[in-house]
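User: I'd like to walk through this fold before I head back to the bench. Can you take my questions one by one?

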Amino acid sequence: QLQLVESGGGLVQPGGSLRLSCAASGNTMDYYAIAWFRQAPGKEREGVSCISRSGGSTNYADSVKGRFTISRDNAKNTVYLQMNSLKPEDTAVYYCAAAFLRPGCTIATMYPPNYWGQGTQVTVSS
């Protein structure tokens with residue numbers, strides 16, 4: 001059993017930055033590839049980014065490439081999503097998700113994950 005807790009969401013102006021954190025407990029995080037998903041009001045949930053177990057492979061949705069960076073610190077059992085140049089269309093609930101012993105990562109192969117966090121709200125508005 002793995003528990004995931006997201007933090008770092010909030011209200012930010014367009015062009016601003018936020019760093020989301022995903023903290024894991026109940027197991028060692030290096031067993032899991034990790035992904036971030038998001039769901040905006042009235043839209044389907046979409047994959048945002050993922051990172052392999054070792055951190056050696058990362059992938060991003062086209063909509064966030066060049067603006068978001070995913071990273072992990074397995075010693076701290078934490079994955080991060082650095083979000084820069086935020087746009088109003090980035091407004092969504094952001095979810096951390098984990099896939100047990102899944103090799104590498106792509107947005108497509110991360111779904112469905114084995115575990116989900118509770119989500120953290122990101123609102124980009126002036």
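What follows is a set of questions and answers on a predicted model.

User: Let's start with the open sheet. In what order do its 4 strands come?

Analyst: There's one thing to know about the pairing here: it is antiparallel. From one strand to the next, the twist averages 15°. Reading across the open sheet, the order is S1-S3-S8-S7.

User: Which strands stand at the edges of that sheet?

Analyst: Look for strands with a single partner, because one side of such a strand is left without a neighbour in the sheet. That picks out two strands, residues 3–7 and 68–73. The edges are S1 and S7.

User: Which residue in S3 stands opposite Ser 7?

Analyst: S1 and S3 run antiparallel to each other and share 5 bridges. In that pairing, Ser 7 faces another serine in S3. The residue is Ser 21.

User: Now S11. Which of its residues make up the uncovered face?

Analyst: In a regular strand, side chains alternate between the two faces of the sheet. S11 covers residues 120–124, and Thr 120, Val 122 and Val 124 sit on its covered face. That leaves the uncovered face to Gln 121 and Thr 123.

User: In what sense does S2 pair with S11, parallel or antiparallel?

Analyst: S9 makes a handy reference: it is joined to S11 by 3 bridges and runs antiparallel to it, with Ala 92 partnering Val 122. S2 (residues 10–12) also has 3 bridges to S11, and there Leu 11 stands opposite Thr 123. The sense of the S2 pairing is parallel.

User: On to the aromatics. Is the pair of Phe 37 and Trp 116 tilted or edge-to-face?

Analyst: Two values describe a pair of aromatic rings: the distance of the centres and the angle of the planes. The model has 6 aromatic pairs by this kind of count. For Phe 37 and Trp 116 the centres are 5.0 Å apart and the planes meet at 55°, so the pair is tilted.

User: How many residues apart in sequence are the parts that this pair ties together?

Analyst: Phe 37 is buried at 5% relative accessible area, while Trp 116 is partly exposed at 32%. Phe 37 belongs to strand S4 and Trp 116 to strand S10, so the pair ties together parts of the chain whose separation in sequence is 79 residues.

User: What kind of pair do Tyr 95 and Trp 116 make?

Analyst: Tyr 95 is buried, with 15% relative accessibility. The ring centres of Tyr 95 and Trp 116 are 6.2 Å apart. Their planes stand at 90°, so this pair is edge-to-face.

User: Where is Tyr 31, and which residues join it in the nonpolar surface patch?

Analyst: Tyr 31 sits in the loop between strands S3 and S4 and is partly exposed, at 36% relative accessibility. It also belongs to an aromatic cluster with Tyr 32, Phe 100 and Tyr 115. The nonpolar patch has about 270 Å² of accessible area in total, and Tyr 31's companions there are Phe 100 and Leu 101.

User: Let's finish with charges. What is the N to O distance between Arg 38 and Glu 46?

Analyst: Side chains of opposite charge can pair when their charged atoms come close. Arg 38 is buried, at 5% relative accessible area, whereas Glu 46 is partly exposed at 30%. Their side chains meet in a salt bridge, and the N to O distance is 2.7 Å.

User: Asp 90 forms a salt bridge with Arg 67, so where does Arg 67 lie?

Analyst: The closest N and O atoms of Asp 90 and Arg 67 are 2.7 Å apart. Asp 90 is in the loop between S8 and S9, 23 residues away from Arg 67 in the chain. Arg 67 lies in the loop between S6 and S7.

User: And which residues make up the salt-bridge network?

Analyst: The structure holds 4 salt bridges. One of them joins Asp 90 to Arg 38 at 3.0 Å, and Asp 90 is buried with a relative accessible area of 0%. Arg 67 is buried too, at 10%. The linked residues are Arg 38, Glu 46, Arg 67 and Asp 90.

Note on methods: Residues are numbered from 1 along each chain as its sequence is written. This is a predicted model: local features need pLDDT of at least 70, side-chain atom pairs count only at pLDDT 80 or more; totals for chains, interfaces and linings use all residues. Side-chain values use heavy atoms; hydrogens and water are left out. Patches are made of residues with over 30% relative accessible area and no salt bridge: like charges are joined within 9 Å, nonpolar side chains (Val, Leu, Ile, Met, Phe, Trp, Tyr) within 5 Å. Accessible areas come from the Shrake-Rupley method with a 1.4 Å probe; for residues, only the protein chains shown count as cover. Buried means under 20% relative accessible area, exposed over 50%, partly exposed in between (1.4 Å probe, protein chains only). Two strands pair if DSSP finds at least two bridges between them. Axes are lines fitted to C-alpha atoms, for helices over the stretch in contact, and angles run from 0 to 180 degrees between N-to-C directions. Rings of Phe, Tyr and Trp (its six-membered ring) pair if their centres lie within 6.5 Å; planes under 30 degrees apart count as stacked, over 60 as edge-to-face and the rest as tilted.
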